[in-house]
Amino acid sequence: MGLFDRLRGKDHPRVAFIGIDGVPFTLLSEHPDEFPNFAALADEGSAGDIDSIVPPESSACWPALTTGVNPGETGVYGFQDREVGSYDTYVPMGRDVQATRVWDRVTDAGRKATVMNVPVTFPPQRNVQRMVSGFLSPGVDKAAYPDDFRDALSEMNYKIDVNAKLGHDDDKTAFMEDARKTLDRRYEAFERYIDQDDWDLFFGVFMTTDRVNHFLFKDYERDGKNKDAFMEFYRTVDDYLGRIRDALPEDVTLIVASDHGFTSLDYEVHCNTWLEENGWLSYEDDDHDSLSDIDEDSKAYSLIPGRFFVNLEGREPRGSVPQSEYEAVRDELKAELEALEGPDGNKVADRVVVKEDAFRGDHDDIAPDLVVIPNHGFDLKSGFKGHDDVFGVGPRNGMHSFDNATLYVDDPGAVIEDADLYDIAPTILDLMDVEYSRTDLDGASLIQQ
C-alpha cells in the first residue's frame with residue numbers, strides 16, 4: 001500500500017496508463033508462457049490488437065493517443081513538419097500539440113496527474129504535479145518539473161532514451177546493455193512515483209521497446225542471431241509490468257497500450273529519389289539537402305513517413321501545380337504509388353490515403369495530400385540528400401506498422417474489437433468519471449455501460 005492510500009480516501013476512480021511504444025499485440029499474445037503477466041492481464045481483463053493512425057509514426061501517434069483526436073486537430077503529422085506557406089521544416093515539440101491532452105482534462109476537473117516519459121511533451125508542463133518529458137527532450141536537467149523531481153531523477157541516473165547509434169553496430173551487445181539500463185531506470189522511476197505520488201492519473205511510457213524493435217525485430221520474427229536477446233528483454237518488460245500491476249491499489253484501472261505495431265523491414269524506400277526518377281521532383285542545384293532546395297518545376301515531394309505533397313500553386317512558395325489541376329495531379333500520383341513494386345515484386349503500398357479521409361480540424365493546412373501505408377517490409381524514407389537507388393538496406397531491421405498495435409485494459413467490461421488509437425483517451429476519461437464532450441473527440445470509450 002502506497003502513501004497515497006494511507007493519506008486519502010478512494011473518492012474517485014483512478015487510472016494508471018503504461019505505454020509500451022511500438023509493441024505489436026501478437027508478440028505478447030502468441031507467447032503466454034514467456035510473458036505470463038501480459039497473459040494474466042488479458043485473462044482477467046480485456047485485450048486485443050488495435051489500429052494505429054495515419055501516419056503510424058511516434059511523433060504523430062502520441063499526440064493523437066493522448067488527445068483522442070487526429071493530426072488535423074493536434075497539428076502534428078510526423079517527426080518533421082512543414083511551416084505553413086514555406087518549405088522550411090521543424091521538429092514538433094510538446095508546445096506544437098494544439099489539442100487538449102487527457103491529463104489536462106483530468107487537472108481541469110480538479111484531479112491530479114503524474115506524467116513520465118511521454119514522447120512529444122517537451123518542455124514539461126507545470127499544471128501537473130510532476131512531469132518528465134520523453135522522446136526529443138534534450139536531457140533530464142531541462143525535461144523534468146519540479147526541480148526536486150529533476151534532482152531525484154538525476155541521482156538515480158534516469159535516462160530519457162537509449163543511445164540508438166549503438167544499434168547500428170553489427171554486434172548488438174552494447175546496444176542491448178544500454179537498452180536494459182534505460183528500461184531499468186524507467187521502471188525504478190515509475191515504481192517510486194506510482195507509490196509516492198498523490199495521483200488520480202499516472203501516465204508513463206516505456207519507449208525503449210520501440211528502439212529494440214527497430215534493430216532486432218527481424219531477428220525475432222525470422223529466428224536471427226539476436227532472437228534470444230530480444231526475448232530476454234521482453235521477459236524483463238513483462239516482469240516490470242507485473243510488478244507495476246501488483247503495486248496498484250484496487251481502485252486503479254491499469255491500461256497498457258502501444259502507439260503502433262511493428263514488423264520486419266526488408267527494404268528502405270527512398271521516396272524522393274523515386275519522385276525524382278519519375279519526373280515529379282527536381283532541385284535548384286546538385287548540392288541539395290533539404291526541402292527548401294526543390295525548384296519550381298517540381299510537382300510533388302515527400303516527408304517521412306510516406307507523406308506526399310503536391311507542389312501546389314498558392315500554397316507552396318514555388319508551387320507549380322495550378323489549383324485547377326490539383327485533383328488530376330493527385331490522382332495520377334496516387335495511381336503511380338499504388339502500382340509501385342519492390343525488388344521482390346511485392347507492392348510497396350498496402351493503400352494510399354487521401355488527406356480528407358484521414359485529417360479533419362483547424363490545423364489541416366499542413367496536412368499531406370497523400371499518405372502511403374506500406375505493406376510489411378517496406379519502410380518509407382524521405383531524405384533530400386539523394387540516394388543512388390530507390391530501394392536500399394539500412395542498419396534497422398524492424399519498422400512501424402499501422403495494424404497490430406496493442407491494448408490491454410484491466411477491466412473485463414472493455415470491448416476492444418475494432419478499436420483504434422483514438423479510443424484510448426475517452427476510455428481513460430470514462431473510467432475516471434471525468435466529463436467530456438463526445439463530439440470533441442474522434443474516438444469513443446470502450447467501456448460498456
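Buried means under 20% relative accessible area, exposed means over 50%, and partly exposed covers what lies in between (1.4 Å probe, protein chains only). Keep that handy for the exercises below.

This is a predicted model, so local features need pLDDT of at least 70, side-chain atom pairs count only at pLDDT 80 or more, and totals for chains, interfaces and linings use all residues. Residues are numbered from 1 along each chain as its sequence is written, and side-chain values use heavy atoms, with hydrogens and water left out.

**Exercise 1. Place E276 and N278, and say whether each is buried, partly exposed or exposed.**

Step 1: find the elements. E276 sits in helix α12, residues 271-277, while N278 belongs to the loop between α12 and β12 (300-303). Helices (H or I, at least four residues) and strands (E, at least two) are DSSP runs, numbered from the N terminus.

Step 2: apply the cut-offs. E276 has a relative accessible area of 37%, so it is partly exposed. N278 comes out at 39%, so it counts as partly exposed.

Step 3: look around. E276 joins E277, D285, D286, D287, D289, D388 and D389 in a patch of negative charge on the surface. Such patches are made of residues with over 30% relative accessible area and no salt bridge, like charges being joined within 9 Å. As for N278, its C-alpha atom is 9.5 Å from that of E336, 58 residues apart along the chain.

**Exercise 2. Work out which strands stand at the edges of the eight-stranded sheet.**

Step 1: read the order. The open sheet runs β2-β19-β9-β1-β8-β5-β6-β7, with mixed pairing. Two strands pair if DSSP finds at least two bridges between them.

Step 2: look for strands with a single partner. Those are β2 (46-50) and β7 (144-145), so one side of each has no neighbour in the sheet.

Step 3: check one edge. β7 pairs with β6 (residues 130-133) in the antiparallel sense over two bridges, and M131 stands opposite Y145 in β7.

**Exercise 3. Describe the hairpin of β12 and β13.**

Step 1: get the pairing. β12 and β13 (residues 307-310) run antiparallel over four bridges, and S302 has F308 in β13 as its bridge partner.

Step 2: sort the side chains. A300 and S302 point one way from β12, Y301 and L303 point the other way, and all are buried.

Step 3: check the turn. Three residues lie between the strands, and G306 takes a positive phi near 70°.

**Exercise 4. Compare the settings of two salt bridges, R211 with D161 and R315 with D369.**

Step 1: set the rule. A salt bridge is a side-chain nitrogen of Lys or Arg within 4 Å of a carboxyl oxygen of Asp or Glu. The whole structure has 32 of them.

Step 2: take R211 and D161. Their closest N and O atoms are 2.7 Å apart. The pair links distant parts of the chain, 50 residues apart, with R211 in helix α10 (residues 208-221) and D161 in the loop between α8 (147-155) and α9 (173-196). R211 is buried at 10%, whereas D161 is partly exposed at 23%.

Step 3: take R315 and D369. Here too the closest N and O atoms are 2.7 Å apart. R315 is buried at 16%, and D369 is buried at 0%.

Key: Patch = residues over 30% accessible without salt bridge, like charges linked within 9 Å, V, L, I, M, F, W, Y side chains within 5 Å. Areas by Shrake-Rupley, 256 points an atom, 1.4 Å probe, with all protein chains shown as cover. Lys, Arg positive; Asp, Glu negative; His and termini not counted. Charge placed at Lys NZ, Arg CZ, Asp CG, Glu CD.
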